[in-house]
Structure formats: C-alpha cells, structure tokens
Amino acid sequence: MRSSLDEEAIGILKANDRGGFTVPTARLYPYQWNWDSAFAALGFAEFDRDRAWREIETLFEAQWPDGMVPHIVFRQNDPDYFPGPAIWQSNTEPPSSGHSQPPVTASIVLRLVESGGTADIERARALFDRMLAFHRWFHAMRDPEDTGLVGIIHPWESGRDNCPDWDIGMDRIVVPDDLGPYQRRDTEHIDPAERPSAEQYDRYLTIIKFGRECGWDHVEMARNGPFYMGDPGVQFILMRADRDLLRLAELLGERSAQSEIAHWLERARDGCQLLWNPAVNAFCARDLRTREFSDGITSASMLAFYAGAGSDEQRDAMAAHARRILDDVEFGFPSFDPTHPRFESKRYWRGPVWAIINFLIVDGLNNAGETELADRIKADTRRLIETAGFYEYFDPRTGEGLGGADFTWTAAVHLVWGSGSTNSQAA
Ligand code: GLC
C-alpha cells in the first residue's frame with residue numbers, strides 16, 4: 001500500500017521528468033545534474049525500472065571523451081540558470097559544465113542489479129566500460145601523483161558547494177580584473193541569505209575562467225588551477241564506488257578490470273589518511289596545495305563509514321563526534337558542526353540537513369554496525385519530510401524546509417526508504 005506521501009514523491013519525480021532525464025527541481029535547477037540523476041534513478045526504480053536505467057544512461061551520454069561525467073548537462077538553453085553553457089564552453093555535445101561531481105553512479109547501479117533480474121544485469125553490462133572510464137578519469141586527473149587521495153578543482157565538484165570546508169581554499173583565490181560583469185539567477189529564485197555571497201561567486205567564476213582558458217586540461221587544473229582540495233565526501237564516495245564497481249566487475253565477469261580497481265582501493269586506504277586531522281581527531285577537508293586542514297567536521301566526514309575507511313579507533317572517534325553533533329540539533333545530520341563558529345543553520349551547506357547525505361551516512365553506519373545512530377538519522381529525515389515536505393534541504397534546529405521545493409532527490413530518498421523494498425532493507 002502506498003501512502004499519500006509516497007504518491008506525492010512519485011508525482012514529484014514524474015513532474016520533474018523532462019523525457020529521459022530529470023531536473024532536480026523546476027526553475028532553480030533546469031538541467032540534468034550528475035549525482036541528482038543517480039539518486040533520481042533509485043527513486044524511479046521503486047515504480048519504473050526502465051525509467052530508472054534511462055536516467056543513468058542519459059547521464060552517461062554526456063560523458064566526455066576523456067571519461068569525465070560532467071556535473072551539469074545542458075540539454076537546452078535555459079535563461080533561468082547561471083552559469084550556463086556559454087560560460088563553461090565545454091566544446092562537447094551535449095554541452096556541459098567542465099568538472100564532475102561525487103561519483104555515486106556505480107554504487108547505485110550495483111543496487112539496481114542486486115535488487116533486480118537479468119534485464120538489470122544487461123543494462124549494467126552495457127554501461128560497465130563507461131563507468132570504468134569515469135573512475136579511471138577520477139584517479140588519473142584528480143590524483144595525478146597517485147597518492148590515493150583525489151582532489152577537487154572547484155567547490156561545486158564536491159556537491160557541497162558552499163561548505164566552510166572550502167573557505168581556506170577559496171580565500172587564496174585571486175579574482176582577476178577582467179572577470180567581467182555577470183548576472184546571477186539563483187538569488188532571484190531563493191532568499192540571498194540562504195545562498196553564497198557575491199565574493200564567493202566571483203571566486204567560483206575565477207576557477208571556471210581558468211578551466212575555460214586551459215581548454216579544461218584536467219591535469220593542468222589539478223596541478224596549477226586556482227583551487228585544489230581534498231574532500232572527505234568525494235574521496236569516501238569514490239572509495240565506496242570503486243568497491244561497488246569491483247563487485248559489478250565480478251558479477252559481470254569483467255576480469256581485466258578487476259586488478260586495476262583493486263589497485264585504486266589499495267592506494268585509497270593510505271590516501272584517505274591524508275584527510276585525518278589530528279587537531280580535531282576527525283576526517284576533515286584539506287587544501288592540497290598548502291597542506292592546511294579545515295578544522296570543521298561535516299556530514300561528509302561521516303561518510304568514512306560508507307567507505308569503510310580508517311582504523312577502528314578512527315571510526316570510534318567519528319561515531320563519538322556523530323553522537324555529540326546529533327545531541328546538539330533537533331534534526332540530523334547537519335552539514336556542518338553546530339558548535340563551530342562558522343555554522344549557519346539556514347545557509348547553503350553551512351549547517352542545513354540534506355536527505356541524500358543522510359541516506360549515504362545511514363547506509364554506512366548500518367554496514368559498520370552503528371545501527372542506533374543510523375536509525376536516529378533515518379527517523380530525523382522522515383520527520384523532516386513529513387512535517388516540512390520534499391524540500392532541497394532543512395534547518396537542523398527548526399526543521400524548516402529550505403531552498404527548492406518538490407525536490408527530486410528528497411522524493412527519491414523517501415521512496416527508497418519508505419516502500420520497504422529490498423533497496424530500503426539494504427540501506
Ligand atoms: C546544488 C548542490 C548540488 C546539487 C545541485 C542540484 O548545486 O550543491 O550538490 O547537485 O544543487 O541539486
């Protein structure tokens with residue numbers, strides 16, 4: 001039996017469907033976003049498996065020749081969004097942005113395969129080479145020195161755009177005189193108090209200018225671009241995705257890929273230790289040029305469990321931080337430590353709660369046997385959606401829904417958790 005909330009969630013996915021790809025929400029985000037699509041696919045899988053696969057297939061249609069799957073695919077020009085295709089100049093068809101986003105796709109494909117049948121295996125098989133090329137791109141272009149730790153070249157590559165994690169890297173960016181005037185669109189849709197500041201926006205565009213001018217040469221971006229930071233979110237999501245890709249390779253009999261993936265996993269075990277900040281006793285973001293650590297614990301730090309990263313001692317320390325942080329808010333899990341001076345309960349990624357991050361954290365905590373913590377975060381997420389609706393993000397103190405309404409990935413998380421299918425049991 002579907003509840004009325006389930007029906008509402010299905011209605012949101014259908015309404016945001018633009019024919020083969022789904023927008024995160026109407027107007028504010030009018031294109032196809034990388035990790036949003038992966039979560040959308042999970043939601044669709046609860047009522048239309050063919051449509052779920054289409055979502056991932058259309059995302060991979062935008063893959064660059066070098067393997068990158070971009071963070072936004074511009075399938076049509078939409079003046080409601082800035083910065084659009086003319087600013088990025090990707091020179092690809094379809095046009096896209098010039099960097100990537102957290103690579104959750106292989107993990108979601110594995111879920112579809114494990115909860116499905118032969119038809120699902122065949123759809124996964126057809127995508128396998130593209131997924132492998134995407135992971136290869138991440139390791140080669142975002143970790144050119146093979147340290148086992150990938151960097152991100154833009155805060156937007158983290159998917160946690162405006163997090164205080166990036167402040168140390170952003171502060172070092174020098175905005176050139178010839179950046180030129182531009183007109184933001186996000187603050188016309190959403191209260192500017194919840195969005196990034198003008199100074200931050202100039203810096204975001206400075207990185208894009210550098211990328212455009214070097215023809216999106218990704219090794220050049222990693223070595224000499226204006227921004228290069230280690231992100232616990234991308235690192236842990238990639239570690240888990242590598243593990244899930246290896247499992248897919250085994251299931252599909254893709255022998256030749258297996259040793260290559262196993263090598264990435266081995267390197268990453270050491271690489272993630274570069275993110276352990278002894279001063280905070282936690283995994284934190286780090287500027288890979290200056291080696292300076294961010295001193296804040298974020299919801300992405302908690303993805304250590306999802307990746308199975310770190311020692312037992314480190315995971316115990318992270319679980320203790322999780323308890324402390326949850327005790328400090330009404331609804332978990334906040335995107336930034338509420339005891340830190342930079343915490344802001346309503347501003348984008350500087351405090352609010354995101355359902356998709358909770359989904360990943362809960363999956364990891366359950367795998368690590370921390371079921372009490374997992375249940376608490378899941379229950380908080382449910383309460384948020386039940387009382388506020390399918391918002392983009394939520395205030396961890398008041399539960400107020402913030403950002404875009406009728407949001408695709410929030411609806412998807414509800415469906416996966418709500419309908420009691422195999423997927424939700426696995427989560
Ligand atoms: C924002 C988020 C990003 C997301 C996008 C579309 O840019 O920070 O993670 O993919 O919106 O929902």
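The lining of the second largest pocket is made up of six nonpolar, one polar and four charged residues, and that pocket holds about 150 Å³ of space. The structure described here is a predicted model, in which the pLDDT averages 95 over the protein and 98% of the residues score at least 70. The points below take up the pocket, the enclosed cavities, a small sheet and the confidence of the prediction.

**The second largest pocket**

- Among the residues that line this pocket are the charged residues Asp 143, Glu 145, Arg 223 and Arg 291, and the lining also includes Thr 147 and Tyr 228.
- Other residues of the lining of the second largest pocket include Pro 144, Leu 149, Ala 222, Leu 274 and Leu 288.

**Cavities**

- Rolling a probe the size of a water molecule over the atoms shows where empty space is left.
- When the whole structure is searched, two cavities of 30 Å³ or more are found.
- The largest cavity has a volume of about 310 Å³, and of the 26 residues that line this cavity, those closest to its centre are Tyr 29, Trp 33, Tyr 81, Asp 161 and Tyr 348.
- In the lining of the largest cavity there are 15 nonpolar, four polar and seven charged residues, and at least two residues of this lining come from each of helix 2 (34–44) and helix 8 (186–189).
- The second largest cavity encloses about 60 Å³ of space, and its lining includes Leu 5, Ile 385, Val 413 and Trp 417, together with Arg 382 and Glu 386.
- Helix 16 (371–388) and helix 17 (408–418) are the elements that give two or more residues to the lining of the second largest cavity, and this lining divides into four nonpolar, three polar and two charged residues.

**A sheet of three strands**

- Strands of a sheet pair through backbone hydrogen bonds, either parallel or antiparallel.
- In this model, an open sheet is formed by three strands in the order 3-4-7, with antiparallel pairing, and its edge strands, strand 3 (151–152) and strand 7 (286–287), each pair on one side only.
- Strand 4 (residues 229–230) runs antiparallel to strand 7 and is joined to strand 7 by two bridges, and Gly 230 stands opposite Arg 286 of strand 7.

**Confidence**

- Over residues 420–427 the pLDDT stays under 50, and for this stretch the model has 19 contacts beyond four places in sequence.

Key:
Residues are numbered from 1 along each chain as its sequence is written. This is a predicted model: local features need pLDDT of at least 70, side-chain atom pairs count only at pLDDT 80 or more; totals for chains, interfaces and linings use all residues. Side-chain values use heavy atoms; hydrogens and water are left out. On a 1 Å grid over the protein atoms alone, a cavity is a set of points where a 1.4 Å probe fits but cannot get out, and a pocket is an open set with protein on both sides within 12 Å along at least five of seven lines; lining residues have an atom within 4 Å of a point. Grid points are joined across faces, edges and corners, and a volume is the space filled by probe spheres set on the points. pLDDT is the predictor's confidence in each residue, from 0 to 100. Contact means heavy atoms within 4.5 Å. Two strands pair if DSSP finds at least two bridges between them. Helices (H or I, at least four residues) and strands (E, at least two) are DSSP runs, numbered from the N terminus.
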